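Colleague: I'd like to learn how to read a model like this one. Could you walk me through it?

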Protein chains: 2
Amino acid sequence: MPKSKGQKSEVQVQKSPAEFFAENQAIAGFDNPGKCLYTTIRELVENSLDACESVNILPDIVLKIEEMNQNDFNILRGVNSSKKDATDEGLFQKKKGEKKAASEDGNKKKSSRNEDAYFRISVRDNGCGMKHHDIPNLLGRVLSGSKYGVRQTRGKFGLGAKMALIWSKKSTGVPIKITTSHIKSTEYISTCVLDIDIYKNEPKIIQHKKQKNVNDWKGTEFEVLIAGSWSSYKARIVQYLQQLAIITPYAKLEMQYTNVNDAKKEMTIRYDRRSEQMPSPAKEVKHHPSSVNNLLVQQLLDKSSSKTLVRFLCDDLSGVSPSIAKRVIAELGNGFDEDMKPKKLDGKQITRLVQLLRRVELFKAPDGNCLSPLGEYNLNLGIRKTMEPDIVATFRDKPGAYEGHPFIVEAAIAIGGKSAKEGINVIRFANRIPLLFEAGGDVSTRVAQSKIKWSSYKIDHKKDKISVFVSIVSTKVPFKGTGKEYIGDDITEIQTSVKRALQACCQQLRSQLSKRNALRDAHQRRSRLVKYIPDATRSIFGILDALRKRKADEDGTEEQTSPRKMPRRAGEKERVEQENLAIIKRMNEGTLSEEVIQNCLVEAIEAQSASIEGLDANNGDDSTRNDPDAQPTYIVPVHGLDDSSKDIEHFLFTFRPIHSSLFS
Amino acid sequence: MPKSKGQKSEVQVQKSPAEFFAENQAIAGFDNPGKCLYTTIRELVENSLDACESVNILPDIVLKIEEMNQNDFNILRGVNSSKKDATDEGLFQKKKGEKKAASEDGNKKKSSRNEDAYFRISVRDNGCGMKHHDIPNLLGRVLSGSKYGVRQTRGKFGLGAKMALIWSKKSTGVPIKITTSHIKSTEYISTCVLDIDIYKNEPKIIQHKKQKNVNDWKGTEFEVLIAGSWSSYKARIVQYLQQLAIITPYAKLEMQYTNVNDAKKEMTIRYDRRSEQMPSPAKEVKHHPSSVNNLLVQQLLDKSSSKTLVRFLCDDLSGVSPSIAKRVIAELGNGFDEDMKPKKLDGKQITRLVQLLRRVELFKAPDGNCLSPLGEYNLNLGIRKTMEPDIVATFRDKPGAYEGHPFIVEAAIAIGGKSAKEGINVIRFANRIPLLFEAGGDVSTRVAQSKIKWSSYKIDHKKDKISVFVSIVSTKVPFKGTGKEYIGDDITEIQTSVKRALQACCQQLRSQLSKRNALRDAHQRRSRLVKYIPDATRSIFGILDALRKRKADEDGTEEQTSPRKMPRRAGEKERVEQENLAIIKRMNEGTLSEEVIQNCLVEAIEAQSASIEGLDANNGDDSTRNDPDAQPTYIVPVHGLDDSSKDIEHFLFTFRPIHSSLFS
């Protein structure tokens, strides 16, 4: 209905929601071809997960991405480009005057234009399927859907699949194809090829048929052909799937990427099912009184079937008991009574009611039971199987609420693991979907970075490979910004809960880490010691050999010693002399060779390591260890050891016997 | 039309756009009460600017913000809260078990709850007004509007005033009130009190009447009553108005903030009109072929009144000449001919056409003439009057285009000024509205921070107060992210243009800055010298007086000098002696007093400064400057001056005559 406004013949137009979102794709995450590819994939995969979880079926999802260039696409689409490409070469060259400008500015654009890439995406699941006649309206109409309501849901605005359709319409003009068999009518399979009328925001059916379901298949396969960019978003897609595998360990996820022109680029990622235990589905709940506003109460009153105000408060809101409802109505004052019809409330009365509902503290807190967190067991499994870390600790904090919306924080901290990086790596989930963008301002990042004293839990936040997992589920995730990619740290209740959960994980880790640190120290010491063995052996043998030779040469001049030799106690001098003589004797006999010394050192180190690692020390061979008094002796770097009272002094060197108790 | 899906009795619902945006307010900038207040103000102010500019009237806009607390609001609204507040105290206290948790988590929430603030916002302009019967549809229906089309427009999604209505509905339940007189029917004033039916996305008229326009008033006044937070967004609102004054110097802007409960907080900001010159209105243009997609071409074909394909290409797109159109059609190949009816093209043919249109380089570049940049003159004025900087340079780069969308970059750089901070401060505008958020990733910030070599333009980017203004206008501003708050730096054409514009500004500044730097140096030197005068005077007089006394005491022992006194040349010794005698003579006569020395020094410094500042040196008084050989002499810190050949040595000190040429 065009109407004029203003003298410049302004034309007033009414847009359909489909037109609006076609023109403002970025709202739904369709910013550019690369992001469009990424968002299409994640929206379809998440729809598939929802389809499985809604009927409590362990998800089995296969994602296929087939990349092709424009020629392949044209053949597939049946577009007539059979003439040799660019017959009229002049059309594709800039005019002379613009050539310079082109080489300055246009190169990037031009090259990206020439690389136009097309993708056939298909996602197949074993979920509930769709009823034959529902398909067009579910997928060919923007702002229609089944996911609205006060409930924990995946997805951003419920626009997902429709935005994929709009993007395919814009970028390739190819309609989407849905093949599905509904869980309650598996005798046939429905196929629907679907377009959308952007102006009317209505589905445009190209084909819609049933065929016999011979294999009793159930589920849905969604196929779409879009422009995109694999190179720029490949890493994100892989990261998304990995994180999805962590937070959805009960799903089997497979991604097959094929490239029509370059088989070398092809890749397959498969995450097998790690758990048979699915979280219970999220329940729809009523609004909590502390979260209401004028519009919402008006809407609730309009829809209510309650006969009286007191019943309305108890039945159409959550957490309101009859006795509290009566006290609230009494407090409302003149013009209100318990038995008045809810629909009789006028705007001013609604305002009064809203003001009161938002202030009353006596209502039962919002109930976290409606939520569907993953569970510690699953989270642990997901992390272990996907990341293979050294240690994991998990924790679920008690349910909380902010502004009337219940939430639950689950957290895990893993140390080490394949592909883990040094430092703190925060992996975030909201309503069980990974959040990949805008990590900087997120409450989980901020708490992990600055509110946890890592060192007090024996964790080195710079050198250890720390993976921090935070999963927040809520009926209303308080995203910041419009991208729905991060949760601000300005909601005290959530910040506190995240901190509490992370601290609980850290506490669990501390004792494990003490053991681990001891083990690591032992390993490090051992490898350090082993490194010394050849040198030490050579030195010791050399010294002993020199001693032997000198003894042989100087036999008789018994008391002549180096000025450095200053035995502290009277008896010691003689004992040292005795030991020296024994050593020399063994050397002369050939039983104390370089090899023997080396073996002794190796043996001593092995024994020490074994005892640290908790192995039975008696498994060792015929060494002196069997003698309870004979402590193994180590060659260790001397600095840092200050008990020199038992040093064995010699005019050429000092032996310091180190008892294994020092290492325990 | 509720339909069931899945066995869990999923209900399929269709939402109206109004419902969608009511639930996803953040998309339109209505994130929280503070941001809602800010966004409401800016949307209304921008609507007013548009209303004036569309009919080429110099805007005169008055914004009134009246803050009140809940009690004031209730009285105003007529809500019955006459009973003493909180009769049933228990309702507002947490249960025992929850008290501790409350003191941990809830404090912040609770206090903010108690501070619920309400705002009556009114914005009045002298613009085109609205026709009586258009008002409800223009303001009471989401996704209706007059601003759609390929054209440079303010605003984000065209949702502005309707979102303000939705927010008022949610937060206060008070409808909006519009008073307007249309420019073509000024005999009456229309008043409309308007609500919106969220489900139907339809206006709900509360009152709609005409009255006689006795004062021949024209324009619109929009009044809305919303919840908000002044303290958290006051700074942003003030900043927004200041920047709006810079980019809209031809507008008179006034903001009056009043507070019902605290008169001390009240404030008024007024920006007078600085220029009578308004930018010409932006023109609507056709799409450029390099910006098309399948959906768009389909839409254009549907709407086209062209009889042939060749006419369609020339008339429904921009930059296509008949000869190029014919070459394009020839290149399209089989199935296409010049005279075919545009509506006959099928989906595959559209795909083929789109592929070709996007690749052809021969089309005339998108035309920047449709755009409406502010103009260098106005930008300069806006900055001068608002910021009062020391120097401003402005530049408008030649129009450019990216992906078929024309754009123009205007830039200004100002040095110094009131309220300017040290370092680089980037002030950004897109289609002549200030961008206040997410500055970090913006192309202007990045270019200013890292692509400009400030030092090579004599600008110190750390110590100078540099204000960088970048205004980008386009038919499609390439915002990044969904918030429409910044422009990415990944579009080469725009990045290059911003850099070019800033460099041009810098180049203009360089010569001015050379002069400025010389001036500043002179000022600094002068103030440094003036500081020395009392000490220097005292010292010199003391020395000369000592000389005089010694001379008087030691008369006759003419040759007796300090060992330090070593005149280099034969004649010099005698000359120095002569000078000393002359000085002593004057001192004895009383014509060389401390006061005389001080006056001489002051005089010399003034003369030097005056000559640097370009004043006529002959304006000075009876000093020795009139003698061409007599150079003024300065007392300066001696280090750094290495021409000691002319030093006047004395046994007590060294005079070094400095010629003014050293400073030039």
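Colleague: Let's begin where the chains meet. How many residue pairs are in polar contact between chain B and chain A?

Modeller: Keep in mind that this is a predicted model. Between chain B and chain A there are 26 residue pairs in polar contact, counting pairs with both residues at pLDDT 80 or more. On the chain B side, helix H11 (residues 347–359) gives the largest share of what touches chain A, with 8 residues. Sorted by class, that side of chain B has 36 nonpolar, 39 polar and 40 charged residues.

Colleague: And how many salt bridges are there between chain B and chain A?

Modeller: The count is 2 salt bridges. One pair to look up is Arg327(A) with Asp88(B), whose side chains meet in a salt bridge at 2.9 Å, N to O.

Colleague: How should I read the size of the interface, and what area do chain B and chain A bury between them?

Modeller: The size of an interface is often given as the accessible area lost when the parts come together. Here chain B and chain A bury about 10500 Å² between them, and 50% of that is on carbon and sulfur atoms. The contact draws 115 residues from chain B and 118 residues from chain A.

Colleague: On to the cysteines. How many disulfides does a search of the whole structure find?

Modeller: The search finds 0 over all chains. The idea is to check sulfur-to-sulfur distance against a cut-off of 2.5 Å. Take Cys52(B): the closest cysteine sulfur, in Cys128(B), is 7.8 Å from its own, so that is too far for a bond.

Colleague: Is Cys52(B) buried or exposed?

Modeller: For that, look at relative accessible area, where under 20% is buried. Cys52(B) has 0%, so it is buried. Cys36(A) also counts as buried because its relative accessibility is 0%.

Colleague: Now a polar side chain. Where is Ser474(A), and what does it touch?

Modeller: Ser474(A) sits in strand S17 (residues 465–474) of chain A. With a relative accessible area of 0%, Ser474(A) is buried. A polar atom of the Ser474(A) side chain lies 2.8 Å from the backbone oxygen of Pro406(A). Leaving out residues up to four places away in sequence, Ser474(A) touches several residues, including Gln152(A), Tyr402(A), His405(A) and Asn431(A).

Colleague: Last one: where is Gln25(B) placed?

Modeller: Gln25(B) is in the loop between helix H1 (17–23) and helix H2 (33–53) of chain B. Being in a loop doesn't settle accessibility, so check the value: at 10% relative accessibility, Gln25(B) counts as buried. Setting aside neighbours within four places in sequence, Gln25(B) is in contact with Phe30(B), Met163(B), Trp167(B) and Lys170(B).

Conventions
Residues are numbered from 1 along each chain as its sequence is written. Chains are lettered from A and ligands numbered from 1 in the order in which they are written. This is a predicted model: local features need pLDDT of at least 70, side-chain atom pairs count only at pLDDT 80 or more; totals for chains, interfaces and linings use all residues. Side-chain values use heavy atoms; hydrogens and water are left out. Buried means under 20% relative accessible area, exposed over 50%, partly exposed in between (1.4 Å probe, protein chains only). Contact means heavy atoms within 4.5 Å. Buried area is the accessible area (1.4 Å probe) that two parts lose on being put together, summed over both. A salt bridge is a side-chain nitrogen of Lys or Arg within 4 Å of a carboxyl oxygen of Asp or Glu. A polar contact is a pair of N or O atoms within 3.5 Å; within protein, one must be able to donate a hydrogen and the other to accept it, and residues adjacent in sequence count only if both atoms are side-chain atoms. Helices (H or I, at least four residues) and strands (E, at least two) are DSSP runs, numbered from the N terminus. Ala, Val, Leu, Ile, Met, Phe, Trp, Tyr, Cys and Pro count as nonpolar, Asp, Glu, Lys and Arg as charged, and the others, Gly among them, as polar.
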